[in-house]
Amino acid sequence: MSDYTPKPENKFTFGLWTVGNVGRDPFGGPVRDAKSPAELVRLLGEVGAYGVNFHDNDLIPIDATPAERDSILKEFKKALADTGLVVPMATTNLFSEPIFKDGAFTSNDPKVRAYALQKTMNSIDLGVELGAGIYVFWGGREGTETDATKDPITAIKRSREAMNFLCEYVKDQKYDLKFALEAKPNEPRGDIYNSTTGHMLAFINTLDHPEMVGVNPEVAHEHMAGLNFVHGVAQAMESGKLFHIDLNDQAFGRYDQDFRFGAVNLKSAFFLVKLLEDNKYDSSRHFDAHAYRTEDYEGVKDFACGCMRTYLILKEKAAQWNADQEIQSVLAEINADDGSMNQYLGKYSAEKANALKSQAFDRPAIAGRGLKYEKLDQLTVEVLLGVR
Ligand code: GCO
Ligand code: MN
Ligand code: MN
């Protein structure tokens, strides 16, 4: 039996809002007593996490006095020092307060947009003070219920203006900080702008400092949109933009469930872990999820341990899949290349194009070949089911 104990190099992190989730939902109040940030750090230390992330107001309540702020920070820093946990990422709460009811950076009200920038700068300062190198932007309220209310082109321009402003702020302060934009199609707004990781990747290329900005894709968010998460993450990785990742799980077509990693779609979780590990992803593996509402704090620990353990088991399965002789021989067969098409493929030239136009292709022969994908997928399922 392998060792599935989390190690610092796995970079497993949780938000204060994840293990600190008290089980409130739209139909009912809390089922668990709230714990302080320092207590949550100690809980995460107990289960073997590497780091803890926070929204400004998870750590410092919005109306805290300077004295309250100092004492919370002191306790929090002590808990970090005692447990050895680090803070790799921080973010701003731009969604809970009534002032953000119609968005933050995209609000129609310039006072709201200015306040959102002020709150974010203060929150960036706090994150950097605690060691964060990644700053996440999730615009939960940046959207509409009806497009009568806001011009969608104006909304994109306002988002860009805010990102450009904040990138300059970070440069001005000489902070070593990168931004990671997190897409979600809806909830809490009827529709949210820049609704998928793909939209975010396109948006980033229009910024003044695209090199400072990447994405923070979340499993649940792409699954809510009915998309293949693994493909979205691959596109982000291939363009050098996977700065952070939110791992959790979610049944397709449902509200944002934030289930334990691997709780629903094990096969897709497997291909995700394989993608990250095969390509040596080296940033935080952040679990943005929470325990079922049925749980007490023992159950919260079961939840957190389960996220990390499933990841490590799937990592082992990915290594097993890569080393499986039968799988490798099917892969070699389906990717076979006798080199005869090298003269036509790759970079364009007029000669190549002309030569290719006169090449004859035996379509029935090419199409007639079976591809063994059934066999390959069944072998994958058997690796996952533990019978190989
Ligand atoms: C959600 C989001 C958030 C963000 C968090 C960090 O659906 O509520 O996933 O949990 O990840 O605000 O920015
Ligand atoms: Mn989410
Ligand atoms: Mn998230």
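Here is a short walk through ligand 1 and the two largest pockets of this predicted model.

**Stop 1: ligand 1 and its shell**

Start by selecting ligand 1 and showing the residues around it. You should have 13 of them on screen, and His 55, Glu 182, Lys 184, Glu 218 and Asp 288 are the ones that come nearest. Try colouring this shell by residue class: 6 are charged, 3 are polar and 4 are nonpolar.

**Stop 2: the polar contacts**

Now show side chains as sticks and go through three residues in turn. Click His 55 to begin with; one of its polar side-chain atoms sits 2.6 Å from an oxygen atom of ligand 1. Next, pick Asp 288, where an N or O atom of the side chain is 2.7 Å from a ligand oxygen. Then move on to His 221, which has a polar side-chain atom 3.0 Å from an oxygen of ligand 1. How much of ligand 1 does the protein bury? Taken alone, the ligand exposes 330 Å², and the protein buries 92% of that. Switch on a surface for the protein if you'd like to look at that cover for yourself.

**Stop 3: the largest pocket**

Keep ligand 1 in view, since the space it takes is the largest pocket. The volume here is about 1600 Å³. To find your way to the middle, select Trp 17, Asn 21, Arg 24, Asp 258 and His 290, which lie nearest the centre among the 46 lining residues. Which elements give two or more residues to this lining? They are helix 1 (16-19), helix 2 (37-47), helix 3 (56-59), strand 3 (89-91) and strand 4 (134-138). Helix 1 gives the most, with 3 residues. Colour the whole lining by class and you get 19 nonpolar, 14 charged and 13 polar residues.

**Stop 4: the second largest pocket**

For the last stop, hide the ligand and select Asp 56, Asn 57, Ile 62, Arg 69 and Asn 122. These are the closest to the centre of the second largest pocket, out of 13 residues that line it. The space inside comes to about 280 Å³. Two elements are worth showing as cartoon here: helix 3 and helix 5 (110-129) each supply at least two lining residues. Helix 5 has the largest share, with 6 residues. Colour by class once more, and this lining shows 6 nonpolar, 4 polar and 3 charged residues.

Methods:
Residues are numbered from 1 along each chain as its sequence is written. Chains are lettered from A and ligands numbered from 1 in the order in which they are written. This is a predicted model: local features need pLDDT of at least 70, side-chain atom pairs count only at pLDDT 80 or more; totals for chains, interfaces and linings use all residues. Side-chain values use heavy atoms; hydrogens and water are left out. A residue is near a molecule or strand if one of its heavy atoms lies within 4 Å of it. A polar contact is a pair of N or O atoms within 3.5 Å; within protein, one must be able to donate a hydrogen and the other to accept it, and residues adjacent in sequence count only if both atoms are side-chain atoms. Accessible areas come from the Shrake-Rupley method with a 1.4 Å probe; for residues, only the protein chains shown count as cover. On a 1 Å grid over the protein atoms alone, a cavity is a set of points where a 1.4 Å probe fits but cannot get out, and a pocket is an open set with protein on both sides within 12 Å along at least five of seven lines; lining residues have an atom within 4 Å of a point. A molecule sits in a cavity or pocket if more than half of its atoms lie within 2 Å of its grid points. Ala, Val, Leu, Ile, Met, Phe, Trp, Tyr, Cys and Pro count as nonpolar, Asp, Glu, Lys and Arg as charged, and the others, Gly among them, as polar. Grid points are joined across faces, edges and corners, and a volume is the space filled by probe spheres set on the points. Helices (H or I, at least four residues) and strands (E, at least two) are DSSP runs, numbered from the N terminus.
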